[in-house]
Each structure stands twice: as C-alpha cells, then as structure tokens.
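Q: Could you walk me through reading a fold like this one, step by step?
A: Sure, let's open it up and go through the features in turn.

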Amino acid sequence: MKAKAVKMAAVVAVGVSSLTGCMGQMATTGLVSKFNLEIVDNRYAREGMFLLLSPVYGLTGAVDLFIFNAIEFWTGTNPISGKSPAVVDMKTKNYIKVNGQLDPALTEVPLTSTRDIEKATLSQVDENTLKMEITYLDGQQKTLRGVKGTESVDFYLDDELITTVSNQELNDYITSAQI
C-alpha cells in the first residue's frame with residue numbers, strides 16, 4: 001500500500017507539472033548543444049559528436065519539457081538560463097489575437113516568483129486523495145489536491161477544479177516515464 005501511495009504521489013506531482021505549457025527555452029538541451037559545438041571545429045566531427053551524444057540530448061530534452069520548461073511557464077523565468085520572459089510570453093507577430101477577450105489573470109505569469117514559497121508538503125489524505133500544502137513567506141497558503149475517481153483524477157487548487165486527467169493518461173505516463 002505504501003509503494004502505491006508513493007507511486008500515486010509521483011504521478012500527481014508529475015501530472016501537475018506536465019499539465020503546464022511545456023514550451024520553453026530548452027536551456028539544458030542548449031547547454032549540451034553548446035558543449036557539442038565547442039568540442040571540435042569541424043562540421044563532420046560535430047555531427048559525429050551529436051550522434052554520440054544523442055542519448056544525452058534525449059534525456060536533457062525530456063528534463064527540459066517536463067521540469068525546467070514547466071518551471072519557466074509558471075514563474076516566467078527559466079531556472080537554468082535565468083532568462084525571462086518565458087518563451088510563451090514573448091511578444092511576436094500573431095495571427096490570432098485572444099488576450100484582449102480574456103481575464104487578465106489568463107494573460108500573465110501565474111507565479112512571478114517561487115522565492116516567496118516557504119515550504120511545500122505532500123501528504124496522503126486517504127487512499128484516493130493526495131494534497132500539497134504550499135506556504136508562502138507572507139503566511140498565505142494554497143492547497144493543490146488530486147482526487148482519484150473511477151476513471152480519472154481531478155486536480156483542485158484551493159477547492160476549485162482546475163483539470164481532470166484520465167487514469168489511462170496517467171498510467172501511460174507512468175509507463176513511458178518508467179516511474
């Protein structure tokens with residue numbers, strides 16, 4: 001039962017982070033590319049190094065997609081490069097413009113700084129519920145909760161439903177991530 005709870009906690013934590021926009025600077029992968037280019041000055045040798053480093057590119061790409069780009073999305077700053085704004089906030093020529101029709105909260109960085117977080121604790125409420133209590137330095141608290149139903153997991157932030165993910169999607173993720 002304990003192993004199942006740990007696995008569920010990992011799924012909830014990864015599920016919450018993977019529900020974010022994974023588009024980002026890919027800074028970790030960029031560091032590998034920079035290293036690859038600095039090893040040798042010949043284009044063919046660089047290609048050979050790229051092929052040798054391909055498993056590293058795969059690993060850093062996955063880490064960027066599911067961890068660092070998620071942090072960048074929520075905080076507005078990439079934790080590896082330290083650069084901001086987040087890629088998803090960069091001003092560009094757009095063909096479809098929707099920001100003017102949305103609540104301003106949906107057009108801004110949700111967490112401008114994680115430095116304001118004092119602590120975050122994950123606990124199992126019951127066999128179907130995990131929650132993460134987040135305490136900020138100013139004393140404010142938020143609760144992220146995952147509730148497993150028959151076919152899906154509902155995620156709530158301060159008792160407001162934010163998304164639902166099917167059990168099959170979570171199981172597929174566990175299988176692919178080898179958790």
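**Reading the fold**

A: Start with one residue pair: S123 has K131 in strand 2 as its bridge partner. Keep in mind that this is a predicted model.

Q: Which strands pair around there, and over how many bridges?
A: Strand 1 and strand 2 (residues 129-136) pair in the antiparallel sense, with 8 bridges between them.

Q: How do I place that pair in the whole sheet; in what order do the strands come?
A: Look at the neighbours of each strand. Here 5 strands make an open sheet, ordered 1-2-3-4-5, with antiparallel pairing. At the edges sit strand 1 (117-126) and strand 5 (160-166), each of which pairs on one side only. On average, neighbouring strands of this sheet are turned by 15° against each other, direction ignored.

Q: What joins strand 2 to strand 3?
A: Strand 2 and strand 3 (residues 141-148) run antiparallel and are joined by 7 bridges. As a sample pair, E133 has T143 in strand 3 as its bridge partner. Their hairpin has 4 residues between the strands, and G139 takes a positive phi near 95° there.

Q: And how many bridges join strand 3 to strand 4?
A: There are 5 bridges between strand 3 and strand 4 (residues 152-157), again in an antiparallel run. V147 is partnered with D154 in strand 4, and the hairpin between these two strands goes through 3 residues.

Q: Now the helices. Which residues of helix 2 are buried?
A: First the general idea: an α-helix has 3.6 residues a turn, so residues three or four places apart point the same way. In helix 2, the buried residues are A27, T28, T29, V32 and N36. Their cover includes helix 3 (43-52) and helix 4 (54-75).

Q: How far does helix 2 reach from its first C-alpha to its last?
A: Helix 2 (residues 27-39) has 13 residues and reaches 19 Å, close to the 18 Å expected at 1.5 Å a residue.

Q: Where does UniProt place the "transmembrane region"?
A: The unreviewed UniProt entry puts that feature at residues 48-71. In the model, this span is 96% helix and 0% strand, and its end C-alpha atoms lie 32 Å apart.

Q: Zooming out, how many helices and strands are there in the protein chain?
A: The protein chain has 5 helices and 5 strands, running α-α-α-α-β-β-β-β-β-α from the N terminus on. Of its 179 residues, 24% count as buried. The accessible surface comes to about 12100 Å², with 58% of that belonging to carbon and sulfur atoms.

Key:
Residues are numbered from 1 along each chain as its sequence is written. This is a predicted model: local features need pLDDT of at least 70, side-chain atom pairs count only at pLDDT 80 or more; totals for chains, interfaces and linings use all residues. Side-chain values use heavy atoms; hydrogens and water are left out. The expected span of a helix is 1.5 Å times one less than its number of residues. Buried means under 20% relative accessible area, exposed over 50%, partly exposed in between (1.4 Å probe, protein chains only). Contact means heavy atoms within 4.5 Å. UniProt positions are given in the numbering used here, feature names are shortened, and annotations may be inferred rather than shown by experiment. Two strands pair if DSSP finds at least two bridges between them. Axes are lines fitted to C-alpha atoms, for helices over the stretch in contact, and angles run from 0 to 180 degrees between N-to-C directions. Accessible areas come from the Shrake-Rupley method with a 1.4 Å probe; for residues, only the protein chains shown count as cover.
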